[in-house]
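Some terms used for a protein model rest on a cut-off or a rule. The questions below ask what stands behind them.

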Amino acid sequence: MNRKANDNVERDWARVGVLFGCEPSRETPDLERLLIDTARKCPDNARLLPLAVTWLVEYGQFVARHRLKRLVQTELEPEPQAILGLLIEEAVRHGATRELLIVSEECHPLSPAVPLSRVQRDQTSLAHISERRASDVSQKCGVWTPPVEPKPDAVRSVTWLLDHNTEYRERVIRKGDLRVSIIETLRRDVPGHWVASELALSRISGATRAAVRKALEALRLEGVVCVGTEVINDRDHPVSLTEGLTAAR
Amino acid sequence: MTLDATQLDRALRETGERLAAEGDTGTVRLYLVGGSAGLLSGWLSGARSTGDVDVTQAEPAEAWEAVIWAAAEVADELGLPATWLNDKCRVYAWCLPLGWKERSEPLRTFGPLEVWRINRQDFIAAKVVSAPSRPQDYEDLLAVKPTAEELDFTDEHLHRLEQESLDPDQSFEDARAIIEALRGVL
């Protein structure tokens, strides 16, 4: 993770309603990448874990879970993978949607296990404290930390969240399902906001081709995507976001 | 938009204004602990603290209901969580050293609302007690950089807690290890 992204994690959380005492980001964050970057930064700011867990308990249905799963598979290093697995399992344990577990299933435990907090790793006595007090789920994930206590007093309401991040409205209307992953993938992950085929979209959105076809049909009827009538080769139809929807809003 | 020190100031000020408008509480003093005390004192950075306010004691106690009513009104107006000002931390009041209230220091006054916070050595002592089960508190301690004298004070505090503990299984060895770790790195 580059330094800029590293500095922005808390600011991005402030933007989506976590009461970090820092200036919020100017733009609505890419939520899946925020979760990825949070997993990377948790060892350096232990406060991130309980706050991200609290946010997911409230707003887990905003997450484009198929896209997040694909980002885990293709971009996330082993240690933050284990941390993201812990984050999601703790969130589900405290009431977040169980549908997020399709992401944690992709997160492999870290072996050998280490304390989650980096400052506890360098000193043997602190590492022992961390291991002794580690929750069952953190032991399973290989990143020791005590049981997470959610902090609902530090997360703003859904009204505030949507007032300040209007593009998240479409996420929650679709409850983070495959349609959201397709939209966010076309909007953020592919040059020109288009892909050559349904199959290509299936590969990069982290879902089966049949599921992608069904979601695409729904999105086409909603007027959100265009499926090209011209074939690129014998069978493939290009898929693109409808003009005007390409920018992250 | 965020709840940085300036916004926190505003939220507390508006709470004070609402209390004043009600006019029947008289002066109310709040004693702050935790991240908001660290944030308002400049001991912790905004990225290391959250803006919810932990009140360990209100004086007079009977005014507390009026305070949280006013705070809930302010929450509506500023888009804050309804419980941005709360006293859940009272269950951890035993972590504070004896005499903490006498050593507390005034932060701001907003009409009838006086906001005080625990002083630095008490803040550090409370963080040491909780750090074994809250890694973020150990990170805060590294950021605050306690002096040798402040750690000696905390050591005495742990000794007192050990002497007074009624639970034979309660151990403060991990907290002592935190002190030793801090002595090693600061």
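Q: What makes a stretch of chain count as a helix or a strand here?
A: A helix is a DSSP run of H or I with at least four residues, and a strand is a run of E with at least two, numbered from the N terminus. The model to which this is applied is a predicted one.

Q: What pattern does chain B follow along the sequence?
A: Chain B reads α-β-α-β-α-β-α-β-β-α-α-α-α. In total, chain B has eight helices and five strands.

Q: Why does the radius of gyration of chain B agree with that of a compact globule?
A: For 186 residues, the globule rule of 2.2 Å times the number of residues to the power 0.38 gives a value near 16 Å, and chain B has 17 Å, so the two agree. Along the principal axes, the C-alpha atoms of chain B fill a box of roughly 50 × 35 × 25 Å.

Q: What share of chain B is called buried?
A: A residue is buried if 20 or more other C-beta atoms lie within 10 Å of its own. In chain B, 46% of the 186 residues are buried.

Q: What share of the contacts in chain B with a separation of 6 or more comes from residues 24 or more positions apart?
A: Such pairs account for 69% of these contacts.

Q: How many residues does each chain give to the contact between chain A and chain B?
A: Chain A gives 30 residues and chain B gives 30 residues. On the side of chain B, helix H6 (135-144) and helix H8 (173-185) are the elements that give two or more residues. H6(B) gives the most, with five residues. By class, this side of chain B has 14 nonpolar, ten polar and six charged residues.

Q: Which strands of chain A are called edge strands?
A: Three strands of chain A form an open antiparallel sheet in the order S3-S5-S4. Strand S3 (194-195) and strand S4 (225-227) each pair on one side only, and these are the edge strands.

Q: How do you know that S3(A) pairs with strand S5 of chain A?
A: Pairing requires at least two bridges between the strands. Two bridges join S3(A) to S5 (residues 239-241), so these antiparallel strands count as paired. Within S3(A) and S5(A), Trp194(A) stands opposite Ser240(A).

Q: Where do the domains of chain A lie in the sequence?
A: Domain 1 covers 3-158 and domain 2 covers 177-241. Their C-alpha centres lie 29 Å apart. The contact takes eight residues from domain 1 and ten residues from domain 2.

Notes:
Residues numbered from 1 in each chain as written. Chains lettered and ligands numbered in written order. Predicted model: local features only at pLDDT ≥ 70, side-chain atom pairs only at ≥ 80, totals over all residues. Contact = placed C-beta atoms within 7 Å. Nonpolar A, V, L, I, M, F, W, Y, C, P; charged D, E, K, R; others polar. Buried ≥ 20, exposed ≤ 12 C-beta atoms within 10 Å, placed from the backbone. Domains from an automatic or database assignment.
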